[in-house]
Each structure stands twice: as structure tokens, then as C-alpha cells.
Amino acid sequence: MGQLAPIENKIEYDDGDNNYSFYNKLQTSLDEVDKDRWATFLSFTTKIHDLSISNFFLHPDSIALLQNLVQRYGGPLLPNLRRFAIWTDDLVVPMMSLCLVPSITTVYINGLDYANAEDGFWDTFNQASQRCPHIKHLELLVTIDLLNVDFHMGPESLEGTGLELRSLKELNISLMKAQDVYQLLDGTKMPRLTKLRLREVDFEDGEGEDLRNRMTTIRTGTFCTNLTPPSYQDLSMDKFFATPELRYTVFTFLRLSKDLFHCAQVCRSWKNDALDIRWRFRDVGLRELMGQLAPMEEEEEYGSYHEYWVYNRLQVSLEEVDQDRWTAFLGLAAKIHILSISTFFLHPDSIKLVQDLIQTYGGPLFPNIREIKIYSDDLVVPMVCLALTPGLISVEIDGTDRSAEQDGFEQIFSQVAQSCPAVQTLTIWTECAEAGPTFDAFPELTSLDYSVGFFSVESWKSLTKCKKLVALKLSGVEFEGDPDSLEEEDLEFSSLRDLHIHQMEKEDVQNLLTASRMPRLQKLRLEEVTFGDDEKESLSDTLKGSCPDLKQIEFVVDA
């Protein structure tokens with residue numbers, strides 16, 4: 001409705017009563033809406049296939065306005081509506097005439113939020129039954145007697161009305177009294193109904209069986225001819241979470257590991273599911289994993305010039321770990337898809353122990369790992385070999401928090417290049433690249449984000465060998481070598497579509513771009529790279545030939 005005119009909230013009080021109603025009123029009149037404006041609004045409403053009405057109450061004057069507009073300029077308002085959901089209230093009922101059209105096939109009516117004599121549930125049901133002959137799926141969710149009152153219009157009002165849901169095939173009823181269920185089914189013809197589900201319907205002893213018998217009797221006649229006996233399902237949360245598939249699905253939406261750990265403390269069945277998701281789909285630290293093999297103790301070791309390191313040593317020996325214990329540990333490690341190696345430094349003796357266990361009892365340690373995050377330090381380097389496998393597709397190396405002399409990037413990157421040919425996504429933050437790294441060891445690379453470190457002519461040339469590279473970001477890198485030498489090369493980035501360069505020297509950027517063909521480049525973002533207006537225009541003209549798909553260059557001075 002906000003597409004037709006602005007809406008203003010309006011409160012109206014009942015005469016002689018403290019009750020009030022909260023409405024939404026369109027701030028326009030019949031004379032202010034011309035035919036073109038109405039046609040534009042209808043072009044929007046014809047696109048709607050799913051519509052819901054909850055606690056939005058359109059003022060009666062606005063409802064009358066819409067009805068007059070339909071009469072003056074034509075309609076209907078929602079000709080293509082297929083699915084309709086409504087949270088009932090007596091203030092909603094007048095709006096139904098605007099929404100209910102013959103094209104509707106699915107209706108959801110919810111009276112849970114009100115459950116009083118002014119719910120409007122049965123008025124809504126009556127209108128839907130009369131105006132929507134093609135309903136195939138109907139779901140009713142109501143609560144009555146919560147306040148020891150009946151609905152203003154109960155199902156007994158259906159008797160003798162001749163209501164028929166000719167196309168209805170499935171009916172779900174929740175939280176309704178058995179007596180009302182009987183009257184609802186008796187008062188409405190549903191000749192194509194094939195599935196009836198009753199959830200949390202309060203049956204007395206024998207009533208459920210009586211309903212089954214009645215449905216069986218009806219099935220043999222002309223009324224509800226295809227009906228199978230109804231099914232009963234309890235919606236209580238304890239039974240919901242007792243269903244393994246549903247419980248597991250819910251747990252996958254818990255993003256924080258601590259939430260999964262809390263769930264694991266509830267009971268044994270919750271524990272198995274919660275921990276399984278924790279290990280399979282969340283970032284697992286190497287320290288946490290090694291703690292499952294044996295207890296650990298911290299040890300300090302001192303070097304020269306007052307240097308010292310804190311290591312973690314596994315409190316177990318090779319002889320103390322038997323085949324069963326190692327197999328159980330491997331079963332846990334095999335669940336891990338995302339591994340993190342940060343400021344946890346495993347003692348060299350413990351690294352040797354794990355390697356000996358793999359050699360003695362078999363491995364690999366991480367057969368299913370797909371992503372690894374390494375917060376690089378020279379003390380981390382010996383641990384990296386435990387985690388690298390050919391199946392890795394995403395690698396992040398972050399050395400920005402380390403001192404310039406103890407980054408360990410060169411050794412870590414070398415190990416990754418040798419062991420992980422299937423890497424598709426590579427993210428690197430380092431201040432300690434002694435020379436620009438080359439990337440031709442990654443033929444499957446599709447995305448590279450390289451920040452802070454050195455970047456050489458050879459680095460740029462090696463990227464042209466990554467034939468699947470789609471996205472490239474260079475941020476704050478220091479270019480090394482003579483970029484003019486690139487003009488002598490025949491360089492083409494055959495698949496590159498998105499290029500983002502941040503905080504680089506203008507001359508280096510110009511040389512890189514003008515010396516390379518990028519036939520599929522669509523987006524170029526130059527951030528905090530200082531270009532004058534004439535230089536921007538010149539660069540755009542130059543790239544028209546080498547980047548025919550490039551629509552626009554985005555120059556960002558201060559992001």
C-alpha cells in the first residue's frame with residue numbers, strides 16, 4: 001500500500017470505552033489518484049504471487065478508497081495471487097475483499113495471536129471458502145478457550161451454508177478443539193481432500209478413534225471421496241527436538257561454537273549432533289583437536305638475547321597410544337573441514353610424535369579438510385605440514401600481527417604451493433615476503449586477495465597462467481622490478497572479471513593495466529590511487545581495446 005500513497009498511523013477510540021483501534025490510513029483521495037497512477041500501482045500488484053497480512057490494519061476509509069478506485073479505473077487488485085497467509089483479527093476481516101481472488105490455491109489462516117471473541121477467524125474462513133474455489137492447500141492454526149470464551153462465529157455457523165472447497169487436497173488443522181473440528185468438517189464439502197493432518201487437537205478418550213471411523217465412513221460416499229484416515233502429530237518442542245533430522249537441521253543454523261557446546265550439554269542425543277556439526281562445519285583450532293589426543297602442558301624455552309618461546313607438549317608417548325585410541329582420534333579429525341592454526345605452538349617433539357603415529361598406524365590426519373587459516377609465525381611453520389592435503393581449496397595466510405623478522409610466510413607459502421594444487425581461493429596478508437610470490441603452482445585458482453607484501457613482475461606474469469582466475473585484489477603492495485618490461489610480454493588474463501587495486505603507485509598501476517589484455521574484465525576498482533581527470537580519461541580510452549567488456553572504472557579516493 002505504501003507504493004500507492006504515504007501511510008499515516010491513526011488511533012481511534014471507541015465511544016464510552018477505553019478500547020482503541022490502531023489503523024493505517026492512506027494519505028490520498030480518490031480525486032488525487034489519476035488513471036496513470038492507478039495503472040502504475042496495478043502493474044506492481046500484478047507481480048505479487050505471495051501475500052501475507054499480519055498486524056497491518058488498513059483504515060475503513062482507505063479500504064473504501066481502494067474499492068472505489070477498482071470500480072472507477074478497473075482491477076482486480078491482485079489477479080495473479082497464488083498463496084495467501086493471514087494472521088486474523090476482526091480488524092483484518094474488511095480487508096479480505098481486496099485480497100481474495102479465484103486464482104488463490106494455498107491459504108494459511110492463523111488465529112494464534114488473538115484467541116478471543118473478536119478473532120475474526122471464522123469470518124476469514126468463510127470468505128476464503130466462498131471466494132477461492134481453487135484452493136488446494138489449506139492450513140488452519142487457531143487457539144480457542146485460552147480465555148474461556150468461544151469465537152464470535154464458531155464452526156456451527158457453517159451448517160446449512162453449502163460451503164464447498166472443490167479443489168482442496170490437503171488440510172492441516174492445529175490447536176483446535178475436537179468438537180470444532182467435527183463441525184468444521186461436517187459443514188464444508190471437500191470432495192478432493194486426500195490428506196488431513198490434525199496437530200495438538202485436544203481429543204478426549206475415544207474421540208480420536210471416533211473421528212477416524214467417521215472419516216472412513218465419509219470416504220465411501222460422495223462427500224470427501226478420496227479422504228484417507230487423518231494423521232495426528234504433536235507439535236510440542238520436546239518431540240520436535242526428539243526427531244534427529246529436524247534437530248540436526250536446527251543446530252546447523254547456530255553460528256557460534258559456544259552455542260553448539262551449550263546444546264551438547266543438554267543430553268546425549270543432543271551432544272552427538274551438536275559436536276558433529278561443530279567439528280564438520282565450524283572453524284576448529286589445532287589446539288582444540290590435539291587436546292582430544294592427550295593432555296598438554298606449556299613449556300618455556302629460552303634462546304639468545306633474552307628470547308623465549310612457549311610451547312605446548314602432548315603428555316603422551318608413542319607406546320601409550322594404541323591402534324584403537326589413534327583410530328578414534330582420526331575419526332574425529334576426519335570430520336574437520338575448516339582448520340585454524342594461530343598462536344598455538346606445538347612442541348617439536350609433539351609434532352614428531354604425531355608424524356610417528358601416522359607412520360605407525362596410518363593416516364592421513366585431515367582427509368576431508370577444505371579450508372585452512374594460518375596466522376603465520378616462524379614457530380608455526382613446522383606444524384603446517386600436518387594440515388596440508390591435496391584436497392584443500394581455500395587457504396588464508398595472515399602474518400600482519402607478527403613482527404617483521406618472524407613472519408614465516410616464505411616457508412609456509414612454499415609448503416602450500418607444493419602440497420595443495422587444488423587451491424581455488426587464496427588470501428594472503430604479509431609484511432615479510434622477501435620477493436613477490438608466484439602463483440603458477442595453483443592452476444585451479446579463481447580468487448586471489450594479496451595485501452601488504454612485495455609484488456613483483458614475475459608475480460603478475462605468473463597470474464596469467466591461472467586460467468580460471470576470476471577475481472583479483474591487490475592492496476597496499478609494494479611493486480618490485482621494472483614494470484616497463486611487461487610491455488615486451490604477451491600477457492592475457494583470459495578469465496579475470498573483477499580487479500580491485502588499493503593503495504598502489506599510480507605509475508605501477510598504469511603499467512600493469514596497459515601491458516595486459518583482459519577480454520572478460522567487467523569491473524575495475526581503483527581505490528586510493530591518485531589519478532587526475534585527464535589521466536582517468538586517458539586510462540579509460542586505453543583500456544577500451546584490451547578490456548572490451550569493461551563498462552566502468554570506479555575511482556575511489558577515500559573509501
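This note comments on selected features of a predicted model.

1. The central feature considered here is an open sheet of ten strands with parallel pairing. The strand order is β12-β15-β16-β17-β18-β19-β21-β24-β26-β27. At its edges lie β12 (283-285) and β27 (552-556), each of which pairs on one side only. Ignoring direction, neighbouring strands are turned against each other by 10° on average.

2. Within this sheet, the pairing of β21 with β24 can be described in detail. Strand β21 covers residues 471-475 and strand β24 covers residues 498-502; the two run parallel and are joined by five bridges. One of the residues concerned is Ser475, whose bridge partner in β24 is His502.

3. Two helices that pack on the sheet deserve comment. Helix α15 (residues 409-419) touches three strands, namely β16 (371-375), β17 (394-398) and β18 (425-429). The direction of α15 makes about 175° with that of β17. Helix α18 (residues 533-546) also packs on the sheet, where it touches β26 (523-527) and β27. Between the directions of α18 and β27 the angle is about 150°.

4. Helix α18 has a helical partner as well. Helix α17 (residues 506-514) packs with α18 at an angle of about 15°, and the axes are 10 Å apart. An angle under 35 degrees counts as roughly parallel, and α17 and α18 are therefore roughly parallel to each other. Their crossing is left-handed. On the α17 side the contact involves Lys506, Leu513 and Thr514, which meet Glu535, Leu539, Thr542 and Leu543 of α18. Sorted by class, this contact comprises three nonpolar, two polar and two charged residues.

5. A second helix pair, α8 (residues 244-251) and α10 (residues 268-281), has axes that come within 10 Å and cross at roughly 45°. These two helices are therefore oblique to each other, and the crossing of α8 and α10 is right-handed. Helix α8 contributes Pro244, Arg247, Tyr248 and Phe251 to the contact. From α10 come Ser269, Trp270, Asp273, Ala274, Asp276, Ile277, Arg280 and Phe281. The contact of α8 with α10 has seven nonpolar residues, one polar residue and four charged residues.

6. The α8 and α10 contact also contains an ionic pair. Arg247 forms a salt bridge with Asp273, and their closest N and O atoms are 2.8 Å apart. This pair links distant parts of the chain, since Arg247 belongs to helix α8 and Asp273 to helix α10, 26 residues apart. A search of the whole structure finds 19 salt bridges. Side chains of opposite charge can pair when their charged atoms come close.

7. Two backbone features in loops should be checked against the model on display. The peptide bond from Gly363 to Pro364 is cis, with omega near 0°. Pro364 is placed in the loop between α13 (348-361) and β16. The other feature concerns Val452, a residue other than glycine that has a positive phi, near 80°. Val452 lies in the loop between β19 (447-451) and β20 (454-456).

Conventions
Residues are numbered from 1 along each chain as its sequence is written. This is a predicted model: local features need pLDDT of at least 70, side-chain atom pairs count only at pLDDT 80 or more; totals for chains, interfaces and linings use all residues. Side-chain values use heavy atoms; hydrogens and water are left out. Axes are lines fitted to C-alpha atoms, for helices over the stretch in contact, and angles run from 0 to 180 degrees between N-to-C directions. Helices (H or I, at least four residues) and strands (E, at least two) are DSSP runs, numbered from the N terminus. Angles under 35 degrees count as roughly parallel, over 145 as roughly antiparallel, 65 to 115 as roughly perpendicular and the rest as oblique. A crossing is left-handed if the near helix is turned anticlockwise from the far one by less than a right angle, and right-handed if clockwise. Contact means heavy atoms within 4.5 Å. Ala, Val, Leu, Ile, Met, Phe, Trp, Tyr, Cys and Pro count as nonpolar, Asp, Glu, Lys and Arg as charged, and the others, Gly among them, as polar. Two strands pair if DSSP finds at least two bridges between them. A salt bridge is a side-chain nitrogen of Lys or Arg within 4 Å of a carboxyl oxygen of Asp or Glu.
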